[in-house]
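Hello,

Thank you for offering to look at this one with me. I am passing it on here, and my notes come right after it.

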Protein chains: 2
Amino acid sequence: MPTPHVLVDPDLLEDNLARTRSALTGLAVRPHAKTHKSLEIARRQLAAGAVGLTVATVAEAEVFAQVCDDLFIAYPLFVDEARAARLRALTGRARVSVGLSGTASVPALARVPGLRVLVEVDPGMGRSGAPAAAAGAIAAAARDAGLTVEGVFAFPGHSYSPTGRAAAAADEARELARAVDSLAAEGIAARVVSGGSTPSAAFADAGVLTEYRPGVYVFGDAQQWELGSIAPEHIALTVTSTVVARFADRIVADAGSKVLGADRPAYASGFGRLLDHPEARIAALSEHHATITGLDVPVGTRLRLVPNHVCSAVNLVDELQVVGGQTWAVDARGCNT
Amino acid sequence: MPTPHVLVDPDLLEDNLARTRSALTGLAVRPHAKTHKSLEIARRQLAAGAVGLTVATVAEAEVFAQVCDDLFIAYPLFVDEARAARLRALTGRARVSVGLSGTASVPALARVPGLRVLVEVDPGMGRSGAPAAAAGAIAAAARDAGLTVEGVFAFPGHSYSPTGRAAAAADEARELARAVDSLAAEGIAARVVSGGSTPSAAFADAGVLTEYRPGVYVFGDAQQWELGSIAPEHIALTVTSTVVARFADRIVADAGSKVLGADRPAYASGFGRLLDHPEARIAALSEHHATITGLDVPVGTRLRLVPNHVCSAVNLVDELQVVGGQTWAVDARGCNT
């Protein structure tokens, strides 16, 4: 295979599925398919005990309905007539839930027979969730419009912090519990209390949550490595790259942001890591150049790079190469709508 | 069209081609096709006076050979037998030059009849170019192996600095002039002296350079806007996005890193800009969420977002929507090898 290419170790992947399933005792697991966008991997997650799949867009749901009849679009969709028609087609094929973080989309969603909703709650991340205290009023508006309210959900994205993983899980449990109470005050029982991010998974509160939605756990990546949530020996996806230039202070490899992605959080040591050279740093990244310090190897050497954010890296390629010779399609690549 | 989608204004694009062609007086223009990856746009660049195209990979060259018979792969390729075979197929269809930043690949390149090389020189960016003083020795090794040495090239990427654009252009001219002298000392005339980045284009030194390779100029993006190198009224590509949630301190739109790209240089004000709301900021970016501050509009409002780095954004979609109703394929999307 010419470099750069994205390579998956299927044994490590299966181990990640099994280990996470057993770590999340007492919780249903509904993995986020945005990470892998692959029907093959979705089938493996379902075989490993997932109760259904999470997706981010209607287009992803349309792809994964091929292998799964229980889909949660964990996103506060804006629903115009065209998207409502797509949702109607989906509810004819699968049990479909969508996120709701306000009442603006309720009338449009109510035109989709059989659609279920979960109210999105802000666990302290400050993104698209509603305040927990507002969850009851949103749920009541949905119920009154004829929608089935399944419960509440949150994404504790502030768990992407080297020191904040446990605190984010605690925030999530507290705000989801408040939201459950807010629904109860409207006479609505939250059958599903869904949380989850990979960094906070080790701290998931099964006393409050009923369901978890990890995404990155399937592969791991450099962010999880540096956060301490996935050890490098569990990383199941790497980008194979070749050294193309060598200088006194650096080498340059042929993988850049167009295969690794450009994600670079403030806590990261660089633009990704080298699986076999933990002392090396990806100090700079252009579209087709990784500038690497702390490692001196000849031009032509192949290296295994670990993307910072694997969800971005997978979405850049049409196929994953698999150790052993198979290829798996990235079926939902680019499914943004 | 459902959102998010990538929208191009063809009139602004044509204006960018013409304005840049006339600004680069005395220089051949060889646009970098990695920015747009589109045969339609390449045809327009050639019609607007480009002497040929620049590409970053052999795979891009294979695509653009459909519309252009003079291609420069501005990259220090590592050439194994498989890549040499692809280069041989290419030199049968087009005049092909490749970059060379050391002697390691010379023997492999020399197995490609008719191949031309340009020595890559570091203009102070510290990426993959050789020191100017070493250019002559590299060129001599290439010549002695039977390759045709066209000249020298540089990419002054350190021009991506709000205060460093002119200095980077001066560095580029100085180091390329030194490299020309270094080749001359080996008895090799540099017929081509190729430079270029969009931020430094306004300062290109036609007394040293013979050729310029701008990429982003075709569309513009938020980086160029914030660097002061392309005014917002010239930006020809935007991502149409819909507001999906609204809170007291922020709104959330449905375009994230999977359509805008995750590039976020230190000098940037955020993860992109809003073309019609210069006061607003994209304060945070997830895969499908742009968290926007400084703007309060209702859920359902469509916004025109400007990606920070347009080369990343284009590489995320299969088609560009065009004002007026056409679509243009991103023919070379994902062509990393």
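Below is what I found, going from the pair of chains down to single residues.

Please keep in mind as you read that this is a predicted model.

**How the two chains relate**

Let me begin with the symmetry. Two copies of a chain are related by a rotation about an axis and a shift along it. Here, a turn of 180 degrees with a shift of 0.0 Å along the axis lays chain B on chain A, and the RMSD is 0.0 Å. That is the relation of a two-fold axis. If you would like a landmark for the axis, look for Ala262(B): its C-alpha lies 2.6 Å away, the closest approach of any residue of chain B.

**Where the chains meet**

How many residues does each chain bring to the contact? Chain A gives 47 residues and chain B gives 47 residues. On chain B, several elements supply at least two residues each to the side that touches chain A: helix H4 (81-91), strand S10 (237-246), helix H9 (257-260) and helix H10 (310-314). Which of these elements gives the most? That is S10(B), with 4 residues. Sorted by class, the side of chain B that touches chain A has 18 nonpolar, 19 polar and 10 charged residues. The interface residues of chain B are, to 100%, also interface residues in chain A, so the copies meet through the same surface.

**Inside chain A: two domains**

Next, zoom in on chain A alone. Its domain assignment gives domain 1 (25-213) and domain 2 (223-329). Taken over C-alpha atoms, the centres of these two domains of chain A are 32 Å apart. They do touch: 14 residues of domain 1 of chain A are in contact with 13 residues of domain 2 of chain A. On the domain 1 side of that contact in chain A, the residues are 5 nonpolar, 5 polar and 4 charged.

**A helix pair to look at in both chains**

In chain A, find helix H6 (residues 135-144) and helix H7 (residues 165-184), whose axes come within 7 Å and cross at roughly 45 degrees. That angle makes H6(A) oblique to H7(A), and their crossing is right-handed. From H6(A), the residues Ala135(A), Gly136(A) and Ala139(A) meet Ala179(A), Ser182(A) and Leu183(A) in H7(A). The contact of H6(A) with H7(A) holds 4 nonpolar and 2 polar residues, with no charged ones.

Now turn to the pair in chain B. Helix H6 (residues 135-144) of chain B packs on helix H7 (residues 165-185) of chain B at an angle of about 50 degrees, with the axes 7 Å apart. That makes H6(B) oblique to H7(B), and the crossing of H6(B) and H7(B) is right-handed. H6(B) takes part through Ala135(B), Gly136(B) and Ala139(B), while H7(B) takes part through Ala179(B), Ser182(B), Leu183(B) and Ala185(B). By class, the contact of H6(B) with H7(B) has 5 nonpolar and 2 polar residues, and no charged ones.

**Some backbone details**

A few backbone spots deserve a look as well. Most residues other than glycine have a negative phi, and most peptide bonds are trans.

- In chain A, the peptide bond from Thr3(A) to Pro4(A) is cis, with omega near -5 degrees. Pro4(A) sits in the segment before strand S1 (5-8) of chain A.
- In chain B, the bond from Thr3(B) to Pro4(B) is cis, with omega near -5 degrees. Pro4(B) is found in the segment before strand S1 (5-8) of chain B.
- Lys37(A), a residue other than glycine, has a positive phi, near 55 degrees. Where is Lys37(A) placed? You will find Lys37(A) in the loop between strand S2 (28-29) and helix H2 (39-47) of chain A.

Happy browsing, and do write back with any questions.

Best wishes

How values were computed:
Residues numbered from 1 in each chain as written. Chains lettered and ligands numbered in written order. Predicted model: local features only at pLDDT ≥ 70, side-chain atom pairs only at ≥ 80, totals over all residues. Least-squares fit on C-alpha atoms with pLDDT ≥ 70 in both. Contact = placed C-beta atoms within 7 Å. Domains from an automatic or database assignment. Nonpolar A, V, L, I, M, F, W, Y, C, P; charged D, E, K, R; others polar. Axes fitted to C-alpha atoms, helices over the stretch in contact; angles between N-to-C directions. Parallel < 35°, antiparallel > 145°, perpendicular 65-115°, else oblique. Left-handed = near helix turned anticlockwise from the far one by under 90°.
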